[in-house]
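Trainee: Could you take a close look at one part of this structure with me? I'd like to hear about its salt bridges.

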Amino acid sequence: ADTEPCGVFDCNAVWRPLTFGPCSLECGNGSQSRIVLCEQLLSNGTTVVVSEQDCPPPKPTTERRCNEVNCDGVWRTDPYDDCSVECGGGFQVRPVVCEQLQESGLLVDVDDVLCESLGMPRPGDTQECGVVDCRAFWNQ
């Protein structure tokens, strides 16, 4: 069977994937997306965007993972607990944890050495509180 060249008739629609955009994360399992167009070259030489149903399957991927590497450790500090005393000088403690966003996307607690090795001193986990003189406190 003879077929006419595409130049005389409209060509079949084809997928045209655009460039992927920037990665959403610098580390720890980011994602990037792109637009994929379904285009058709018409016999008059112009290209038009047509319905996705006009293009043959499968449609090229519009999302992909990127920067799938572990992040550096970062310190996480939780709020301080209540003061150990109401007056006379006490202390409050808080959890201080080195955590890492891993390539799997999970945020996990890791050894403090990972944060300290990056030159980040460990934040304090204790502070003074309740330094009001108890006599002044009881006379209220």
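Mentor: Sure, here is a walk through the salt bridges, with one arginine as our starting point.

A quick note on the ground rules: this is a predicted model, where local features need pLDDT of at least 70, side-chain atom pairs count only at pLDDT 80 or more, and totals for chains, interfaces and linings use all residues. Residues are numbered from 1 along each chain as its sequence is written, and side-chain values use heavy atoms, with hydrogens and water left out.

The structure has eight salt bridges (a side-chain nitrogen of Lys or Arg within 4 Å of a carboxyl oxygen of Asp or Glu). In one of them, Arg76 pairs with Glu99, at 2.7 Å from N to O. Arg76 sits in strand 6 (residues 74-77) and Glu99 in strand 8 (residues 96-101), so this pair ties together parts that are 23 residues apart in sequence. Strands here are DSSP runs (E, at least two residues), numbered from the N terminus.

Now check how open each partner is. Glu99 is buried, at 11% relative accessible area, while Arg76 is partly exposed at 27%. Buried means under 20%, exposed over 50%, and partly exposed in between (1.4 Å probe, protein chains only).

Arg76 also bridges to Asp109, with the closest N and O atoms 3.6 Å apart. That pair links distant parts of the chain too: Asp109 is in strand 9 (residues 107-110), 33 residues from Arg76. Asp109 is exposed, at 53%. Put Asp78 into the picture, and you have a network of salt bridges linking Arg76, Asp78, Glu99 and Asp109.

Note on methods:
Helices (H or I, at least four residues) and strands (E, at least two) are DSSP runs, numbered from the N terminus.
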